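Here are some worked exercises on side-chain contacts. Try each task on the structure before you read its solution.

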Amino acid sequence: MKRNVLESSLLAILISLWFYTPPAFSAIVQTQNANISGVVRNQQNIAVGDAKILVYDEKETLLTSTKTDKEGFFKIDNLVLGNYKLIIQHPSYREYNSSLLFTEVSKDSLEFVLTATELSEGLSITAVLDPEQEAFDASQQIELASKRELTSRPGLLLPQLLQEEAGVRPILGSTFYGQTIIRGLTGQRVVTLLDGVRFNTSTFTAGLEPPVGLIDASIARQVELIYGPGSALYGSDALGGTVNLISEKPRFFKKPWEFHGEMSTFFSSANAASGGDLKLVAGNKRISLLFSGFGKRINDLRAGGGLDSHSVATRYFGLSSKLLGDRMQDTGYLHYGGTGKIVYKIDESQLLSLFYQHTTERNTRVYFLLNGGIGIQESDFSPQVLDFFYTRYEKENLSIFDSLTGTFSFNRQRQQFNVKPDLSDLSTDEYRLARAFGYTLQATTHIGSYQFLTLGAEIYDERITNRRFIFLPPSNQGIPIPGTVPNGTKYSSYGVYLQDTVELLPGKLRLNGGLRYSAFFYKTDSRKNVLDFSGNPSVKDLSIRNDDLTFNLEGVVFIKQRLNLIANISRGFRSPNVIDFGSVGSLPSGFEVQTSDAEALGGFVGTTIGGDAISTGRKVTKLEPESLLNFELGVKYRSKFLSASATFFNSNINDFITQRALILPQGAVGKILSGLPIISQDPNGTVRIPIDGRPVIVKSNIGNIRLYGMETNAQIKISNSLTLSGNFSYLRGKDKNPTPLGKASPSQPQILKKSADIPEIEGGLPPAAGFISLLYQPKNKTFWVEAYSNMSSFQDRLSSLDLADLRIGASRSRNAIAAFFFGGGRNRNLTGNGQDNLAGTSDDILLATGETLQQVQDRVLGVGITNAPLFTSTPGYATFNLRGGFQLSQRSNITIIMENILDKNYRQHGSGVDGAGVNLVVRYSWQF
């Protein structure tokens with residue numbers, strides 16, 4: 001009832017704001033021509049000659065360019081009054097971004113100062129009426145990573161390149177894929193966009209998400225990070241935040257045809273990786289062409305100290321990972337692809353764009369299923385293929401609208417998996433194809449000079465193909481079995497939104513409000529799926545619809561153009577996706593089955609995810625949507641010598657979806673569960689199926705959780721050449737209705753926790769983390785040097801889900817140790833025959849110690865204990881790193897990075913691989 005009253009009140013406020021226009025600002029800017037002239041100097045008031053001046057419109061299209069003369073003077077004529085971005089580039093200085101709102105016919109006597117340590121470098125500064133506001137003036141917490149920043153960071157995947165931003169941490173499932181954690185959420189709760197087009201599909205999950213690793217980050221001009229719910233513009237399911245990769249700008253030239261290009265190459269020592277990319281740019285005054293191709297060969301990674309903290313040798317036998325080598329075997333892969341972008345200027349008010357990116361990863365394997373965790377025989381996740389296309393039409397000054405933009409997109413993500421659990425010929429092969437067709441329409445308009453409206457609609461229509469086969473000895477013929485998601489699944493999402501930005505007190509108070517209606521449809525077809533072992537459909541016919549209204553209301557107070565205060569309240573809504581409704585298969589924490597199948601067998605939700613779970617008394621039921629209510633307060637300060645911000649947030653998520661052990665009534669052995677027979681049942685009701693020895697798990701709405709914390713960052717300009725910068729983030733989470741933990745038993749001791757209210761979030765809650773940097777860039781010089789450190793605290797607030805997760809607690813049992821002792825351990829030459837010289841007998845020994853199986857089990861787990869995690873907390877760490885760059889000429893530069901100089905062994909919380917050890921990275925770029 002309270003929620004309905006709150007939403008109704010907010011709706012009334014928003015509607016009144018949309019139709020309120022301050023009388024003093026109701027005049028509409030008329031179309032006229034403007035001229036701009038100015039001078040560019042450095043901090044010593046010396047004119048900067050030969051500086052390139054670039055003018056872009058609101059759509060990031062290059063309109064014109066010029067250069068300063070010897071006195072630093074420039075002039076640009078005949079620009080239509082409106083919003084423009086001015087960029088100034090010079091090899092000896094950092095790039096300068098500024099905004100211009102032309103409300104006068106002439107703009108004379110402008111002065112720009114270039115500096116070696118510009119605090120606002122990399123920010124997209126725009127005028128007040130532009131919806132893409134400068135990060136400093138935005139009413140949300142926003143971070144922007146420029147192309148220069150991205151190319152100066154180690155790492156190959158987009159999430160790795162963003163880890164130096166405040167409150168952002170990557171979670172790497174393996175070396176070839178990863179995801180971004182924002183405010184403790186990731187996967188399907190963080191929206192990823194390419195040029196504003198949705199990259200997420202309905203098969204995204206917090207556990208395994210290879211498609212994100214396919215994105216070619218080399219074509220990024222800038223990456224925008226929007227923290228917290230982006231209800232109106234970005235999608236109601238952006239609960240944690242939004243990542244928007246913006247590709248290279250179109251470039252138009254005055255000449256009939258002009259050609260440019262850039263070639264870059266790199267080498268990385270920790271993984272013996274090498275590769276490069278080539279960009280070609282061509283155009284005239286009407287058409288802009290960009291073609292880019294890249295290729296990377298990554299070999300096995302050497303982690304800090306040559307160790308693997310979660311190695312199968314350490315997990316099952318308590319031995320050093322160096323028994324298997326000092327590199328993480330099977331972490332190498334091949335990544336290649338290309339991008340094409342064509343922008344055609346129909347006339348001065350119309351643009352037509354086409355974008356296509358194709359990338360492929362081959363020889364990719366999930367490391368925590370191999371030597372990094374379980375130790376199965378094969379885990380081939382190759383190939384991974386992405387085809388991403390969009391075409392966009394943009395029209396300015398159309399009737400009452402300032403702009404109208406229509407986009408059609410096609411997002412095709414293909415994955416293939418082959419898993420061989422042991423030395424037998426038994427294996428499974430799976431093919432998954434997700435195709436998403438997108439249709440979006442967006443319009444902008446203004447009311448007077450200080451109110452800007454954005455309205456739009458979008459449809460994303462998805463089709464999922466999933467085929468899975470099991471190959472059994474001795475015939476080795478493929479037998480179709482249920483896939484990890486139902487074949488032929490349809491998933492559609494619809495949204496309409498309206499956003500209003502109004503300056504109630506120009507230059508002092510701005511409000512931003514938005515409303516979005518979202519609807520989601522999930523449908524399965526039993527006829528398109530195989531029959532189970534009893535000859536019945538393995539998938540039921542389901543048709544589920546969820547919809548809701550979300551909002552955001554934000555305000556920013558400007559105090560003397562140096563201090564901004566922000567406050568906002570927003571609501572997010574996420575309908576269960578295909579993975580939530582229909583996932584079947586092995587995950588880092590157990591074997592998951594469909595909720596509908598568990599419900600049909602009268603299943604109950606367990607207290608934990610492990611084999612020690614008991615029934616909560618709550619029946620497994622159809623999944624309900626998640627909803628989030630977020631409150632946020634922040635402060636931002638900027639002066640000549642200091643730039644700083646701090647944001648505090650509190651998010652409450654209702655009906656949170658997570659995994660728990662499935663509890664079935666006794667007598668379940670022999671019944672069919674998600675197409676597979678149940679082969680055993682424990683006294684507490686947990687069950688197991690043939691292809692995975694861990695307890696069966698199921699997704700459930702466990703209740704309500706609270707996430708709260710802070711993000712801070714600062715830059716201090718110590719001198720003209722020296723800048724100190726850093727950031728810090730802190731996050732805590734609570735289950736508002738925790739499930740009481742069962743009593744410990746001698747065979748399964750209860751793991752002590754700091755608190756019983758730790759929320760069960762897949763991937764775990766990230767610990768407090770920070771980044772600090774000291775940059776030295778002498779004035780009027782062509783080089784820079786930076787010392788920096790990535791730091792993370794320990795995390796001992798681990799839930800039962802974390803303790804069972806192969807990537808975190810890495811729980812192991814006596815049965816699992818025995819299976820590896822006689823199987824994978826022998827294949828890796830870790831175990832051998834005992835005195836009887838026969839394989840597979842009770843006197844077989846661990847070759848490194850001479851112990852029998854029981855002796856190993858007692859040493860690793862403890863006498864009489866059947867199950868225990870490898871880690872009960874995630875260790876903290878700090879790395880020391882150096883990097884620098886040198887401008888070899890106006891067209892070429894080199895960047896050198898020394899990562900983890902002290903060779904620290906560490907793992908980012910929730911990742912499936914350890915971080916790189918001491919690592920030399922060299923990048924060279926040449927423009928022509």
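What follows is a set of tasks on a predicted model, each with a stepwise solution.

**Exercise 1. Get your bearings**

Task: Find how many helices and strands the protein has, and what share of the residues is buried.

Solution:
- Step 1. Go through the secondary structure: there are 10 helices and 51 strands.
- Step 2. Turn to accessibility: of the 928 residues in the protein, 60% are buried.
- Step 3. Now look at contacts between residues at least 6 apart in sequence: 68% of them join residues at least 24 apart.

**Exercise 2. Classify two ring pairs**

Task: Take the ring pairs tyrosine 494 with phenylalanine 521 and phenylalanine 520 with phenylalanine 573, and work out which geometry each one has.

Solution:
- Step 1. What do you need? A pair of aromatic rings is described by the distance of the centres and the angle of the planes.
- Step 2. The structure holds 22 aromatic pairs. In one of them, tyrosine 494 and phenylalanine 521 have ring centres 5.5 Å apart and planes at 90 degrees, so call this pair edge-to-face; the cut-off is over 60 degrees.
- Step 3. Place that pair on the chain: tyrosine 494 belongs to strand 26 (residues 489–505) and phenylalanine 521 to strand 27 (residues 509–524), with their positions 27 residues apart.
- Step 4. Check exposure. Tyrosine 494 has a relative accessible area of 36%, so it's partly exposed. Phenylalanine 521 comes in at 31%, so it is partly exposed too.
- Step 5. On to phenylalanine 520 and phenylalanine 573: the centres are 6.0 Å apart and the planes sit at 40 degrees, so this pair is tilted.
- Step 6. Here phenylalanine 520 is in strand 27 and phenylalanine 573 in strand 29 (residues 563–574), 53 residues apart.
- Step 7. Phenylalanine 520 has 8% relative accessibility, so it's buried. Phenylalanine 573 has 3%, so it is buried as well.

**Exercise 3. Rings in a cluster, charges over rings**

Task: Find which residues ring pairs link into a cluster with Tyr390, and which charged end sits over the ring of tyrosine 390.

Solution:
- Step 1. Follow the ring pairs from Tyr390: the cluster also takes in Phe199, Phe204, Phe355 and Phe388.
- Step 2. Look over the ring of tyrosine 390: the charged end of arginine 392 is there, 4.9 Å from the ring centre.
- Step 3. For another case, go to tyrosine 56, where the charged end of lysine 249 sits over the ring, 3.3 Å from the centre.

**Exercise 4. A lysine without a salt bridge**

Task: Lysine 636 has no salt bridge. Work out which side chain of opposite charge is nearest, and which backbone oxygen the lysine side chain reaches.

Solution:
- Step 1. Locate lysine 636 in strand 34 (residues 626–638), where the residue is buried.
- Step 2. Search for a partner: aspartate 137 is the nearest side chain of opposite charge, at 7.4 Å, while a salt bridge calls for within 4 Å.
- Step 3. Try the backbone instead: the lysine 636 side chain reaches the oxygen of alanine 138 at 3.0 Å.
- Step 4. Fill in the surroundings. Leaving out residues up to four places away in sequence, lysine 636 touches a set of residues including Phe136, Ala138, Gln141, Arg562, Ile566 and Ser645.

**Exercise 5. Compare three salt bridges**

Task: For the salt bridges glutamate 632 with arginine 183, glutamate 430 with arginine 468, and arginine 527 with aspartate 525, decide whether each partner is buried or exposed.

Solution:
- Step 1. The structure holds 34 salt bridges. One of them joins glutamate 632 and arginine 183, at 3.0 Å from N to O.
- Step 2. Glutamate 632 lies in strand 34 and arginine 183 in the loop between strand 10 (177–182) and strand 11 (190–194), so this bridge ties together parts 449 residues apart in sequence.
- Step 3. Glutamate 632 is buried at 3% relative accessibility, and arginine 183 is buried at 6%.
- Step 4. Next, glutamate 430 and arginine 468 have their closest N and O atoms 3.5 Å apart. The bridge runs from strand 23 (residues 427–446) to strand 24 (residues 451–472), its partners being 38 residues apart.
- Step 5. Glutamate 430, at 5%, is buried, and arginine 468, at 9%, is buried.
- Step 6. Last, arginine 527 meets aspartate 525 at 3.1 Å, N to O. Arginine 527 is exposed at 73%, whereas aspartate 525 is buried at 15%.
- Step 7. As an extra, look for shared partners: Arg153, Glu164, Glu165, Glu786 and Arg883 are joined into one salt-bridge network.

Methods:
Residues are numbered from 1 along each chain as its sequence is written. This is a predicted model: local features need pLDDT of at least 70, side-chain atom pairs count only at pLDDT 80 or more; totals for chains, interfaces and linings use all residues. Side-chain values use heavy atoms; hydrogens and water are left out. Rings of Phe, Tyr and Trp (its six-membered ring) pair if their centres lie within 6.5 Å; planes under 30 degrees apart count as stacked, over 60 as edge-to-face and the rest as tilted. Helices (H or I, at least four residues) and strands (E, at least two) are DSSP runs, numbered from the N terminus. Buried means under 20% relative accessible area, exposed over 50%, partly exposed in between (1.4 Å probe, protein chains only). A charge sits over a ring if NZ of Lys or CZ of Arg is within 6 Å of the ring centre and within 35 degrees of the ring normal. Lys and Arg count as positive and Asp and Glu as negative; His and the chain ends are not counted. A polar contact is a pair of N or O atoms within 3.5 Å; within protein, one must be able to donate a hydrogen and the other to accept it, and residues adjacent in sequence count only if both atoms are side-chain atoms. Contact means heavy atoms within 4.5 Å.
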